[in-house]
Amino acid sequence: MSRQIYLPELLSINIKNYTLYPNGLDYTFDFVKGVNLILGGNGMGKTTFVNIIRFGLIGLYKKQRDYTRTYKDKAIIKRQLYPWDFFSARKDERIIIKGEAMVILSFKFNNTRFEVRRSLESGDLLSVFVNGDALTGKILSEDKYEKLGKETQSEYLLYSYELAVLQFSNLSFDDLIFFVNEILFFGESHKTVLWNDGLEGRYDVQNELFNKYFNEPNLDIERQEAQRQARYYDSLSRHKSEDMRVITNLLNKLSKDKESIGVNKDNRNEDDIIKLDNQLLEMKSLLEKIHAYRNVISQDISLLQGEINSTSLKAAEVDKEKNQVEKALNTKLWEQLNPQYDVYMKNIQLNHLCPMCNQPDEELVRKIEQETTRCFACSNEIHLTQDKELTFKYKEVLSIQKGLYQSIANKQRKIKALETEIEELDHEFKNIDLKRRAIQQQIRELEYKNATTGGTGKLQALYDEYKKYSKEKEEYQKESVKYQTLEQSLTKQIENEILKNVSRFSAIFASYAESFLGVSCSLAYEKYDNTMRRFYPVIDGKLRRHEEALSESQRFFIDHSFRMSILTFFYQTPSFYIVETPDSSLDISYERNAANVFLRFLKNPNSIIITSNLNNSSFVNHLIENHEMLFSMVGLFDIAKKSAIQGTSNQLRSIYTNIKERIRL
Amino acid sequence: MNKEELGKVNIDIMTIVSHAAKIGWETINVSSLQRFIYLLKVLYSFNSNEENIFEGYHFNVTMFGPYSELVRRSVVYLLANRHLEGDDDGEIRIISNTGVDKMSEERINWIETILLILSKYGENKIFSFIINDPLYDTSVKSNLSSEIQVTSENETLLVLNDFKNAFEETLSDTSSISKEEYISLYFDYIFSQIIKG
């Protein structure tokens with residue numbers, strides 16, 4: 001079961017005594033369920049404004065509490081924080097005012113009203129009112145609070161706030177930090193979450209979100225624990241390999257000098273075993289690598305095969321359409337065609353065979369592709385008509401059909417190439433495996449010989465040590481495999497739960513993504529490279545595993561769609577979505593579509609908070625031209641520093657005034 | 001284009017259509033053929049632990065059920081060469097004997113067994129079996145765009161094997177019945193359990 005959670009609904013923000021906005025030293029903004037525009041030129045504090053909203057909710061927390069990735073034990077790292085002077089550093093020191101700079105943010109969880117007051121000087125949480133009642137607790141900076149033990153934390157206001165959040169939102173404070181930072185806020189860095197798989201130090205949002213919120217969170221904790229144990233034992237076993245390697249090196253060194261220390265013949269045997277053992281290890285690791293690479297290729301083939309099937313189905317549809325157009329083109333001429341003509345053509349297109357002798361004939365395939373209106377046998381014109389519209393339609397259908405069949409043929413070629421690669425890998429695998437078996441056999445024979453003759457050489461202690469490590473290594477590996485199996489079974493449970501929600505989730509995603517791209521979109525829940533299953537966008541029938549395959553603005557809006565789908569999926573009560581400069585990368589033809597994505601999100605009562613420097617004013621215009629939509633604006637032009645306002649072009653100011661007028665209307 | 005691959009599929013399709021005609025199905029719909037071959041492949045892994053002899057077919061989830069491009073190509077080839085007549089997106093009928101039964105005894109038997117099940121339950125029942133097939137269901141649910149993975153640990157088999165144990169408990173003596181009877185009885189059981197209505 002997916003969890004029932006309540007995300008914050010923003011009501012109002014009041015910023016006091018903050019000299020970054022010297023003309024608004026007691027500035028209040030009421031959020032509307034609709035578009036909330038934060039409009040301003042460079043340096044006016046657009047980003048700071050949205051950061052203050054975030055600060056009001058979650059303070060200076062940059063990252064929620066998380067397990068470390070170390071194997072040693074389940075050490076928990078502290079939450080990460082922005083520096084305490086994050087906001088005070090942006091103050092204008094030339095303006096002297098009495099009173100502390102602070103923000104008072106009002107919001108709701110379900111029907112419970114919160115009023116949170118935080119200092120923009122020290123970064124501290126100053127007071128919290130829940131439905132008008134003040135929470136109790138001592139004031140402390142988040143930095144110091146995080147250094148305290150759980151027992152001592154309970155006397156502080158920060159702790160009372162966390163408890164209240166949990167009580168009314170069903171979100172732990174860490175969950176809230178996660179949602180605000182990773183889902184509700186699309187910051188200036190424009191980092192996407194859909195494709196982010198946690199590599200390169202980034203946060204794997206999908207993993208966190210779906211494992212935790214589409215499932216009982218305990219299941220994921222167990223899974224992570226099993227994963228950690230598997231890694232732990234695996235690393236212990238690697239340590240033993242390292243110890244074994246040290247002994248091998250030592251023995252190698254000694255064997256160079258063996259005459260002088262009087263190593264006898266019997267010990268040579270042990271020496272050989274260790275050398276062979278090392279070779280065996282190398283081969284095993286090589287075989288594993290080949291196996292893993294083979295899997296990757298197989299997945300690629302499977303994906304291509306899938307694409308061929310769906311393209312072929314589309315082509316079958318286009319074929320039908322072509323037949324209809326042909327009939328309409330000239331029924332008389334149609335009757336003159338051999339009744340088998342159409343199926344002969346298909347046989348050339350699909351099977352690349354001459355329909356007369358059934359020999360492969362690529363030349364014929366090219367011929368029918370280029371001379372689409374001529375007979376494949378004699379090249380005479382066959383579909384003659386005076387009807388220009390029909391001719392145009394016919395050519396259009398032919399060109400679509402050609403594209404589809406070419407795409408199938410290309411993919412088939414790719415599959416062939418990949419299959420050849422697999423054959424080569426299999427060959428290599430077989431060869432190495434044969435060698436491995438031979439070595440294994442040799443080792444067995446040597447060990448047998450040793451067992452019957454016994455070894456009492458001077459290096460015996462070293463050999464014994466080696467054997468001991470080797471045995472320990474095996475045991476650690478067994479443990480690691482045990483936990484891996486457990487992890488897999490838990491993963492399966494989690495995935496099955498998510499599967500129940502895929503079609504609903506994908507349909508929500510489609511409604512957003514399609515309104516931006518204008519082609520069919522869905523989410524596939526697939527598995528690649530031995531990771532857990534993840535969602536991947538399928539755009540116009542093609543699965544996009546990597547974001548690089550899309551243009552910048554496509555990528556951002558697919559990501560907006562994904563995040564808004566999450567918010568829609570969990571929708572209980574109104575919430576918000578903050579996007580910084582969504583219009584920065586938009587190409588003119590997508591502006592209206594982009595606006596539609598946001599307007600769709602607002603079909604449920606929600607607040608969208610957008611910053612813009614009006615680089616692309618028609619995007620904003622598309623948003624406000626919808627008169628049913630509530631619209632409000634943070635007028636940074638009215639409250640920001642004079643220098644910044646003066647530096648702004650007249651054009652920008654006149655657009656600003658226009659928008660302001662339109663809001664008043 | 002691999003002619004050898006196409007040749008094998010041609011033989012399969014000719015054999016299937018010919019045997020279907022013998023039990024009274026004069027014509028067969030191309031999408032039924034797709035479903036039938038899908039069933040051949042998926043259930044084969046249940047029948048045998050060895051390598052799947054229908055491995056060469058790759059199916060995808062579509063609105064019309066399982067779909068393999070190879071099947072369509074073969075139907076077009078057979079129509080162009082007048083082994084079949086009809087339409088590649090409608091009903092087809094066999095008009096030659098070329099290729100029929102040019103395959104291993106085991107393959108023929110398996111095709112006959114599945115046809116037997118089909119004739120007993122009717123196509124609609126089989127189609128609802130496919131729709132309820134856990135493997136197919138997972139592919140639909142995940143919006144898979146890659147082919148349906150028919151491997152030894154696939155989900156259909158896990159479910160079918162679970163049923164198998166329960167089913168065998170209902171039989172007094174499994175050794176007294178033939179393989180065909182076993183499968184037929186087994187499907188009686190399956191349908192009574194997983195297909196409602």
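# Worked exercises on a predicted two-chain model

A:D433 and A:R436 pair up in a salt bridge, with 2.9 Å between the closest N and O atoms. Keep in mind that this is a predicted model. Grab the structure and work through the exercises below.

## Exercise 1: A salt bridge along a helix

Work out how A:D433 and A:R436 are placed relative to each other in helix α13 of chain A, and classify each by accessibility.

Solution. Start with the spacing: the two residues are three apart in helix α13 of chain A, so about one helical turn separates them. Next, check the cover. The cut-off for buried is under 20% relative accessible area. A:D433 has 13%, so A:D433 is buried. A:R436 has 17%, so that one counts as buried too.

## Exercise 2: A charged patch on that helix

Which residues form a negative surface patch?

Solution. The patch is made by A:E419, A:E423, A:E424 and A:E428. Pick A:E419 and locate it: it sits in helix α13, which covers residues 388-453 of chain A. Then look at its accessibility. With 34% relative accessibility, A:E419 is partly exposed.

## Exercise 3: Salt bridges across the sequence

How many salt bridges are there over all chains? Take two of them apart, A:R79 with A:E162 and A:E121 with A:K91.

Solution. The count over all chains is 40 salt bridges. For the pair A:R79 and A:E162, the side chains meet at 2.8 Å, N to O. This pair links distant parts of the chain, 83 residues apart: A:R79 is in the loop between β6 (76-77) and β7 (80-81) of chain A, while A:E162 is in helix α4 (residues 157-169) of chain A. Both A:R79 and A:E162 are buried.

Now the other pair. A:E121 and A:K91 form a salt bridge whose closest N and O atoms are 2.7 Å apart. A:E121 is in the loop between β9 (112-119) and β10 (125-130) of chain A, and A:K91 is in the loop between β7 and β8 (102-109) of chain A, so the bridge ties together parts that are 30 residues apart in sequence. The two partners fall on either side of the 20% cut-off for buried: A:E121, at 22% relative accessible area, is partly exposed, whereas A:K91, at 19%, is buried.

## Exercise 4: Checking a helix length

Compare the expected span of helix α1 (residues 46-58) of chain A with the distance between its end C-alpha atoms, then say how enclosed the helix is.

Solution. Take the 13 residues at 1.5 Å a residue; using one less than the number of residues, the span should be 18 Å. The end C-alpha atoms are 19 Å apart, which agrees. For the cover, twelve of the 13 residues are buried, so α1(A) is largely enclosed by the rest of the structure. Among the buried ones are A:F49, A:I52, A:I53 and A:F55. Step just past the helix and you'll meet A:G59, with a positive phi of about 70°.

For another covered helix, go to α5 (residues 173-183) of chain A: eleven of its eleven residues are buried, including A:F173, A:D175 and A:E182.

## Exercise 5: Positive phi outside glycine

Where do A:N358 and B:D101 lie, and are they buried or partly exposed?

Solution. First, the background: most residues other than glycine have a negative phi. A:N358 is not a glycine, yet its phi is positive, about 60°. A:N358 lies in the loop between α11 (341-351) and α12 (362-370) of chain A. Its relative accessible area is 10%, so A:N358 is buried.

B:D101 is also a residue other than glycine, and its phi is positive, near 60°. B:D101 lies in the loop between β5 (91-94) and α4 (105-121) of chain B. With a relative accessible area of 30%, B:D101 is partly exposed.

## Exercise 6: Chain B, and one distance in chain A

What are the elements of chain B, and how far apart are the C-alpha atoms of A:T311 and A:F168?

Solution. Chain B has eight helices and five strands. From the N terminus they run α-β-α-β-β-α-β-β-α-α-α-α-α. Of the 197 residues in chain B, 54% are buried.

Over in chain A, A:T311 is in helix α9 (residues 265-329). A:T311 is buried, at 9% relative accessible area. Its C-alpha atom is 50 Å from that of A:F168, and the two residues are 143 residues apart along the chain.

Technical notes
Residues are numbered from 1 along each chain as its sequence is written. Chains are lettered from A and ligands numbered from 1 in the order in which they are written. This is a predicted model: local features need pLDDT of at least 70, side-chain atom pairs count only at pLDDT 80 or more; totals for chains, interfaces and linings use all residues. Side-chain values use heavy atoms; hydrogens and water are left out. Patches are made of residues with over 30% relative accessible area and no salt bridge: like charges are joined within 9 Å, nonpolar side chains (Val, Leu, Ile, Met, Phe, Trp, Tyr) within 5 Å. Accessible areas come from the Shrake-Rupley method with a 1.4 Å probe; for residues, only the protein chains shown count as cover. A salt bridge is a side-chain nitrogen of Lys or Arg within 4 Å of a carboxyl oxygen of Asp or Glu. Lys and Arg count as positive and Asp and Glu as negative; His and the chain ends are not counted. The place of a charge is taken as NZ of Lys, CZ of Arg, CG of Asp or CD of Glu. Helices (H or I, at least four residues) and strands (E, at least two) are DSSP runs, numbered from the N terminus. Buried means under 20% relative accessible area, exposed over 50%, partly exposed in between (1.4 Å probe, protein chains only).
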